[in-house]
Amino acid sequence: MSDNENLTVVYPPKEKELKKKLDALMQEWPKCIATEQDRKAFCSDGFYPFYAYQKIKILFVGQESYGLGEHNYIAVFNNLYHSGFLDDNKSINMSKFHSRMFYVAYGILRDFPEWEVVPYPDACRTDIFTKDGISFAFMNISKISPEKYRPTNWSDVMRSVHEGAANIREEMKLLAPDIVITMHLMKRRRGKIASALFDKWDEVDCTDPNVHVYWATNASKKMLVLDAWHFSARNKKTFECYYQPIEQACRKYLRQASKAAGSNSERLPAEN
């Protein structure tokens with residue numbers, strides 16, 4: 001099933017060229033997928049509106065989506081974030097995966113306010129992905145979306161990564177993030193996932209079990225990489241295992257990331 005008019009995402013004029021390039025990549029991507037079944041399960045992704053206008057460009061990297069074959073991940077969840085509800089009529093606040101991405105992005109882009117005053121995602125549903133709100137990018141390393149949730153089949157994921165390795169690197173190049181937040185991926189499969197994402201990466205600090213810190217480069221762009229737990233982990237506490245350790249890592253390394261970003265990336269001016 002393809003996107004329809006109800007899932008249209010409106011990008012500001014100055015992001016349309018980036019969106020056009022990313023759409024072209026997603027159109028070509030299925031050609032490298034071996035089976036027709038997997039091609040029909042292809043789920044594209046990318047960035048939400050006003051991503052390129054943020055003072056720090058954040059990219060979250062997950063594993064795979066479920067039940068979204070032939071859909072655009074960004075279009076689906078742009079709609080759900082703005083509604084405040086997931087497609088099962090559950091508040092988006094109740095989704096560990098999506099609420100944690102919101103909290104972390106909000107913290108990074110709003111200079112990490114005290115946890116007690118960070119708003120719930122549904123409280124920002126009218127502002128998110130607009131010129132007045134926060135925004136970020138999201139990509140899965142595997143674009144193949146199984147019909148239903150099941151434990152991750154790493155053989156399937158790695159087949160998808162192998163088939164799409166050049167496209168994964170190109171997507172990273174186009175998005176050109178300043179901070180990449182991976183979900184327990186950097187050391188998986190003996191570094192093969194990290195190799196698909198980055199030209200080079202260096203371990204900086206892995207003393208905190210909640211967040212491992214790396215510097216990485218892709219097409220000469222230097223990025224701060226924070227490898228956290230998967231954002232849907234049920235046995236992890238949002239503040240103690242995500243917000244707080246990511247805040248601590250950012251406060252220690254963000255100045256370096258900002259310096260790197262200032263030298264080799266451009267921030268789009270605010271829309272009038």
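## Backbone outliers

Buried means under 20% relative accessible area, exposed means over 50%, and partly exposed lies in between. By that scale Arg-189, with a relative accessible area of 40%, is partly exposed. The model described here is predicted. Arg-189 sits in the loop between strand S4 (179-183) and helix H7 (192-197). Its phi is positive, near 50°, although Arg-189 is a residue other than glycine.

Phe-50 also has a positive phi, of about 75°, and is not a glycine. Most residues other than glycine have a negative phi. Phe-50 belongs to the loop between strand S1 (46-47) and strand S2 (58-62). The relative accessibility of Phe-50 is 13%, so Phe-50 counts as buried.

## Strand S2 and its partners

Strand S2 follows the loop that holds Phe-50. Of the 5 residues of S2, 5 are buried, so S2 is largely enclosed by the rest of the structure. Ile-58, Phe-60 and Gly-62 point one way from the strand, while Leu-59 and Val-61 point the other way. The residues on both faces are buried.

S2 pairs with S4 in the parallel sense, over 4 bridges. In this pairing Ile-58 stands opposite Ile-179 of S4. S2 is also joined by 4 bridges to strand S3 (residues 137-140), and these two strands run parallel. Here the bridge partner of Gly-62 is Asn-140 in S3.

## Nonpolar core

The largest nonpolar core has 89 residues. Helix H4 (residues 96-109) supplies the largest share of this core, 9 residues. The residues with the most contacts inside the core are Phe-60, Ile-108, Leu-226, Phe-231 and Ile-246. Phe-60 is also one of the buried residues of S2.

Leaving aside residues up to four places away in sequence, Ile-246 touches Val-104, Ile-108, Phe-112, Val-211, Leu-226, Ala-228 and Phe-231. Ile-108, Leu-226 and Phe-231 are thus contacts of Ile-246 and are listed with Ile-246 among the residues with the most contacts inside the core.

## Cysteines

The structure holds 0 disulfides. For Cys-32, the closest cysteine sulfur is that of Cys-43, 15 Å away; this is too far for a bond, because a disulfide needs the two sulfur atoms within 2.5 Å. Cys-206 is likewise in no disulfide, and its nearest cysteine sulfur, in Cys-250, is 15 Å away.

Cys-32 has a relative accessible area of 29% and is partly exposed. Cys-206, at 21% relative accessibility, also counts as partly exposed.

Terms used: Residues numbered from 1 in each chain as written. Predicted model: local features only at pLDDT ≥ 70, side-chain atom pairs only at ≥ 80, totals over all residues. Heavy atoms only, no water. Core = buried A, V, L, I, M, F, W, Y, C linked by side-chain atoms within 4.5 Å. Buried < 20%, exposed > 50% of the residue type's maximum accessible area, 1.4 Å probe, protein only. Contact = heavy atoms within 4.5 Å. Pairing = 2+ DSSP bridges.
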